[in-house]
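Okay, my turn, thanks everyone. I'll go through a couple of backbone oddities and then the empty spaces, so have a look at the screen.

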Amino acid sequence: NHVKILDIGSNDNTFLNVLKSNQFVQLYGVDPASNINKTNNNGLNIFSNFWNSKFVKDALVSNKYKFDVITAFNVFAHNLDPEDFMAGVSDVLADDGVAIFQFPIFESSLAIKDFGQIYHEHISYFNYYSFSTLMKRCNFNIIDFKFYKDIHGGTAQFLVKKNYEVNNVKINLDDLKIFEQEVSNNIEKLNYIIDKEYRTGASIVAYGASAKSSTLFNIESFY
């Protein structure tokens, strides 16, 4: 299979190795964590760097790389400059190529009051409308969309390429105010449950140290 695929934020190359096991051979990854991205990299082409337009021009455009598919799974919210991110994608995506982005979508976070998505490593939060607006600004459009309700409380997967029209859905300020109030209500309920158990002599244990748990523990009104 001669499709050339690039995975942005390839981490330990798990996804690339799944592709490799399915007979894809032109596989590339970009990840800044050199202590991780060298894992299971036999037969892969891995660049140790943050994704940005300067890196793309220096390392990829200068060597005339073009990719049929570019993927970015759960990394888009971590970048400081989404337009610069997309400029890099545009520079190396083939004219008929497709880019795939996957991340928790804010409509779902609002709907289920999932404030665990709000923490320091997430620089931006997108709903369908805002992501579509960004894509148009960067000369891309959404050609397909899938929603996975059981991943991170609601995850969206977007397939994008140039010149394709879509309908958009907006979220207004009132939605955010309702979200804020209902999150506060949920924290109060959690405080009540913890306090009730504590007063009976129960031990309260926090297992793990996920980024999302830090959001809860740093809320002033939390227990």
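**Two loops and some holes**

So, Lys64 is exposed, with a relative accessible area of 76%. Keep in mind that this is a predicted model. Lys64 sits in the loop between α3 (53–60) and β4 (67–73). What caught my eye is the backbone: phi of Lys64 is near 60 degrees, so we have a positive value in a residue that isn't glycine. For context, most residues other than glycine have a negative phi.

There's another one, Asn139, in the loop between α6 (128–137) and β6 (141–148). Its phi is near 65 degrees, again positive and again not a glycine. Asn139 is exposed too, at a relative accessible area of 55%.

Right, on to the holes. How many cavities of 30 Å³ or more turn up in a search of the whole structure? The search gives two. Let me take the second largest, which has a volume of about 50 Å³. Its lining is Ser90, Leu93, Ala94, Asp95, Gly97, Phe140, Lys161 and Lys162. Strand β5 (residues 93–104) provides the largest share of that lining, four residues. By class, the lining splits into three charged, three nonpolar and two polar residues.

Last up, the pockets. The largest pocket has a volume of about 540 Å³. It is lined by 21 residues, and Pro32, Phe50, Val75, His78 and Asn79 are the closest to its centre. That lining counts 11 nonpolar, seven polar and three charged residues.

That's it from me, happy to discuss.

Conventions:
Residues numbered from 1 in each chain as written. Predicted model: local features only at pLDDT ≥ 70, side-chain atom pairs only at ≥ 80, totals over all residues. Heavy atoms only, no water. 1 Å grid on protein atoms, 1.4 Å probe; cavity = no way out; pocket = protein on both sides within 12 Å on 5 of 7 lines; lining within 4 Å. Points joined across faces, edges and corners; volume = space filled by probe spheres on them. Nonpolar A, V, L, I, M, F, W, Y, C, P; charged D, E, K, R; others polar. Buried < 20%, exposed > 50% of the residue type's maximum accessible area, 1.4 Å probe, protein only.
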